[in-house]
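Here is a quick tour for anyone meeting this protein for the first time. Have a look at the fold, then read on for some details worth finding in it.

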Amino acid sequence: MSRHTVAVMGLGVRGRIHIHGLLENPDYYEIVGLCDIDQAAMDQVASEYHLEQVPRFLDAEEMLKTVRPEVFVFVTYPDMRLNLIKLGIKYGVKAVSLEKPMAESLQEAREMARLCHENGVKAVVCHQQKYLSQFQRMKEKIDAGVIGEIRKIHAETQAWFSQLGTHYVDYTLWINGGHRAKWVAGHIHGPATLEDSHPAPDYLFGTMELENGVRAYIECGYLSEAHNPPEFSSSDNRLTVYGTDGYMYAETDGFWGACTTETGGRLVTGKDPGWRNHQQVPIQTPYYTQFARWIEDDSAVHSCNIDTACHGFEILEGMCLSALNNVRVDLPITDLGYTPVLERMRRELPPCGTVLRKLYDGKTPRKERD
């Protein structure tokens, strides 16, 4: 395989994780440019990761124009991502990697996917938690038939949907073999987290029917069931898959359970490494290994590809539209001429005294449960 040049924009907590994943794939990537609005933080990252010889920039366009990378990685807030896709295309990148949620509206998400397709750019959205060992094992077991045929999927996240819900819609589609949603219905309330850098209502509950008849339910926000202590709310989530012969669940922070033909119908639980100690090499490294393979081979489509991410975004936006308009929403959504849902939610959702969970920002050390 070829070695691809990479420019990275956004060097905060998540940006460093992306850099680590790239550096763990030295046969596939060479970092040729770094960009951030904070010169001191950028210098610190360069020193920490032994990238002192890599050119550093305060402006993304100047970086792309100067180093002309094949791959553009940007770790920014969602309101910037469409313009950064356009910028990457302007300077001839072959591939982009970005964080979730991919946009702030379905109109933006569809435009991003269209631009990538029309310009031959391969794009991935970082729904990377599926690489956690407990999720990989669950997928292998379910594919092997230990719970029989999938009948129902339940996804729960204490964090609001733009923080973790987009992940869990993606994992719902992935665990069910990639079948898309036919229709969605939803409930939303609470405007407090609409002011977050990743805006969403305080709580969302939605249901969908997938193409193979499986029903899936997703809850995001403070009313979702808490499975862990409050200080771990940012990684308090669970994906439960029910089949004709049993069920299995897995959580970001390593907890898992299985009641299957292999366990004799008895619930067996366990714990893999937790999120904060597992997110670099075990997750981000294979994410970028698979990306390199897709860049080289059109048939090796990445599991976090932009089309799947765009459909996941459509599912969540459809649930919001369902709640706002009191209707079922059939997919795909073909008429995009409606008022953006974020604008409507800010205007229409009344305060309701929501007690919000404080998400861990990763900047200060904390005791992990490994």
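Let's start at one residue inside the fold: Y288 has a relative accessible area of 0%, so it counts as buried. Keep in mind throughout that this is a predicted model. F291 is also buried, again at 0% relative accessibility. Y288 and F291 both belong to helix α8, which covers residues 280-296, and because they are three residues apart there, about one helical turn separates them.

**Aromatic rings**

How many aromatic pairs does the count come to? The answer is 10. One of them joins F135 and Y171, with 5.8 Å from centre to centre and 50° between the planes, which makes the pair tilted. F135 sits in helix α6 (residues 133-143) and Y171 in helix α7 (residues 161-175), so this pair ties together parts that lie 36 residues apart in sequence. Both F135 and Y171 are buried.

Y288 and F291, the two residues we began with, make a tilted pair as well, at 6.4 Å between centres and 50° between planes. Here are these two pairs side by side:

| Pair | Centre to centre | Angle between planes | Kind |
|---|---|---|---|
| F135 and Y171 | 5.8 Å | 50° | tilted |
| Y288 and F291 | 6.4 Å | 50° | tilted |

Y288 and F291 also have further aromatic company: together with Y29, Y287 and W294 they form one cluster.

Rings can have charged neighbours too. Over the ring of W256 you'll find the charged end of R137, 5.1 Å from the ring centre. K139 does something similar with W174, lying over its face at 5.8 Å from the centre of the ring.

**The whole protein**

Now zoom out. The protein has 10 helices and 15 strands. Its radius of gyration is 20 Å, close to the 21 Å that the globule rule gives for 370 residues, so the protein is as compact as a globular protein of that length. Measured out along the principal axes, the C-alpha trace spans about 55 × 45 × 40 Å.

What share of the 370 residues is buried? It's 59%. The accessible surface comes to about 15200 Å², and carbon and sulfur atoms hold 50% of that. As for contacts between residues at least 6 apart in sequence, 71% of them join residues at least 24 apart.

**A sheet of six strands**

One feature to pick out is an open sheet of six strands, paired in parallel and running in the order β3-β2-β1-β4-β5-β6. Which strands stand at its edges? They are β3 (56-57) and β6 (122-125), each with a single partner strand, so one side of each has no neighbour in the sheet. At the β6 end, the pairing with strand β5 (residues 95-98) is parallel and runs over four bridges. To see one of the partnerships up close, look at L98, whose bridge partner in β6 is V125.

**A buried spot in a loop**

Finally, find S233. It's in the loop between β10 (215-221) and β11 (237-243). Is S233 buried or exposed? Its relative accessibility is 1%, so S233 counts as buried. Leaving aside residues up to four places away in sequence, S233 touches Q158, A159, R357, K358 and L359.

Methods. Residues numbered from 1 in each chain as written. Predicted model: local features only at pLDDT ≥ 70, side-chain atom pairs only at ≥ 80, totals over all residues. Heavy atoms only, no water. Phe/Tyr/Trp six-rings, centres within 6.5 Å; stacked < 30°, edge-to-face > 60°. Helix = DSSP H or I, 4+ residues; strand = E, 2+ residues; numbered from the N terminus. Buried < 20%, exposed > 50% of the residue type's maximum accessible area, 1.4 Å probe, protein only. Lys NZ or Arg CZ within 6 Å of the ring centre and 35° of its normal. Rg over C-alpha atoms; globule rule 2.2 N^0.38 Å. Contact = heavy atoms within 4.5 Å. Areas by Shrake-Rupley, 256 points an atom, 1.4 Å probe, with all protein chains shown as cover. Pairing = 2+ DSSP bridges.
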